Amino acid sequence: MIPLLLRVKLWLIIRAHEAHIDGCTECLACVADPWLRQRIEISRTRARQARRQAINAYAALLPPHKRPSWRLA
C-alpha cells in the first residue's frame, strides 16, 4: 500500500512540474526584460531536472516487468 501512495505522490509531483514548465514557457512570450527572461529560463531548467528525478523515482517503484525501457534496434 505504501508504494502505491508514493507512486500517487510522485505522479502528482510530476504533473505539478509539467504545469510549472508550461507556465514558464507561456511567460517567456510576454516578458521583454532580459534579466527576467534569464530567471524564467533558470526556473524552467530546474523544474525539468526535478521532474526527471521524480520520473526516475516513480519508475523505480514500478514492478520490474512494468518499468519503461527502450527497445534496442
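The expected span of a helix is 1.5 Å times one less than its number of residues. The structure is a predicted model, in which local features need pLDDT of at least 70 and side-chain atom pairs count only at pLDDT 80 or more, while totals for chains, interfaces and linings use all residues. Residues are numbered from 1 along each chain as its sequence is written, and side-chain values use heavy atoms, with hydrogens and water left out.

**Exercise 1. Helices and their lengths**

Task: State how many helices and strands the protein chain has, and test the length of α1 and of α2.

Solution.
Step 1. Helices (H or I, at least four residues) and strands (E, at least two) are DSSP runs, numbered from the N terminus. The protein chain contains two helices and zero strands.
Step 2. Helix α1 covers residues 2-30, and helix α2 covers residues 34-61.
Step 3. For α1, 29 residues at 1.5 Å a residue should span 42 Å; the end C-alpha atoms are 43 Å apart, which agrees.
Step 4. For α2, the 28 residues should span 40 Å, and the end C-alpha atoms lie 41 Å apart, so expectation and model agree.

**Exercise 2. The overall form**

Task: Set the radius of gyration of the protein chain against the value for a compact globule of 73 residues.

Solution.
Step 1. The radius of gyration is taken over C-alpha atoms, and the globule rule is 2.2 Å times the number of residues to the power 0.38.
Step 2. For 73 residues, a compact globule would have a value near 11 Å, but this protein chain has 16 Å.
Step 3. The spans of the C-alpha trace along its principal axes are about 50 × 35 × 15 Å.

**Exercise 3. What is buried, and what covers it**

Task: List the buried residues of α1 and of α2, and name a helix that helps to cover each set.

Solution.
Step 1. Buried means under 20% relative accessible area, exposed over 50%, and partly exposed in between (1.4 Å probe, protein chains only). Of the 73 residues of the protein chain, 16% count as buried.
Step 2. In α1 the buried residues are Leu 10, Ile 14, His 17, Ile 21, Cys 24 and Leu 28. Their cover includes α2.
Step 3. In α2 they are Ile 40, Arg 44, Ala 47, Ala 54 and Ala 59. Their cover includes α1.
Step 4. A contact means heavy atoms within 4.5 Å. Among contacts with a separation of 6 or more, 57% join residues 24 or more positions apart.

**Exercise 4. Distant in sequence**

Task: Find how far apart in space are Pro 3 and Tyr 58, Arg 15 and Arg 51, and Ala 50 and His 17.

Solution.
Step 1. Pro 3 and Tyr 58 are 55 residues apart in sequence, and their C-alpha atoms are 9.6 Å apart. Pro 3 belongs to helix α1 and, at 40% relative accessibility, counts as partly exposed.
Step 2. Between Arg 15 and Arg 51 there is a sequence separation of 36 residues and a C-alpha distance of 8.5 Å.
Step 3. Ala 50 and His 17 are separated by 33 residues in sequence and by 7.5 Å from C-alpha to C-alpha. Ala 50 lies in helix α2; its relative accessibility is 23%, so it counts as partly exposed.

**Exercise 5. Salt bridges**

Task: Identify the two salt bridges and describe the partners in each.

Solution.
Step 1. Side chains of opposite charge can pair when their charged atoms come close. A salt bridge is a side-chain nitrogen of Lys or Arg within 4 Å of a carboxyl oxygen of Asp or Glu. By this rule there are two salt bridges.
Step 2. Glu 18 pairs with Arg 15, their closest N and O atoms being 2.8 Å apart. Both residues lie in helix α1, three residues apart, about one turn of the helix.
Step 3. Glu 18, at 26% relative accessibility, counts as partly exposed, and Arg 15, at 37%, also counts as partly exposed.
Step 4. Glu 41 and Arg 44 form a salt bridge of 3.0 Å, N to O. These two residues lie three residues apart in helix α2, about one turn of the helix.
Step 5. Glu 41 has 32% relative accessibility and so counts as partly exposed, whereas Arg 44, at 12%, counts as buried.

**Exercise 6. The surface**

Task: Describe the area that the protein chain exposes and name the residues of the nonpolar patch.

Solution.
Step 1. Accessible areas come from the Shrake-Rupley method with a 1.4 Å probe; for residues, only the protein chains shown count as cover. The protein chain exposes about 6,100 Å², of which carbon and sulfur atoms supply 62%.
Step 2. Patches are made of residues with over 30% relative accessible area and no salt bridge; like charges are joined within 9 Å, and nonpolar side chains (Val, Leu, Ile, Met, Phe, Trp, Tyr) within 5 Å.
Step 3. The nonpolar patch is formed by Met 1, Leu 4, Leu 5, Val 8, Trp 11 and Leu 12, which together have about 630 Å² of accessible area.
Step 4. Leu 4 lies in helix α1 and, at 41% relative accessibility, counts as partly exposed.
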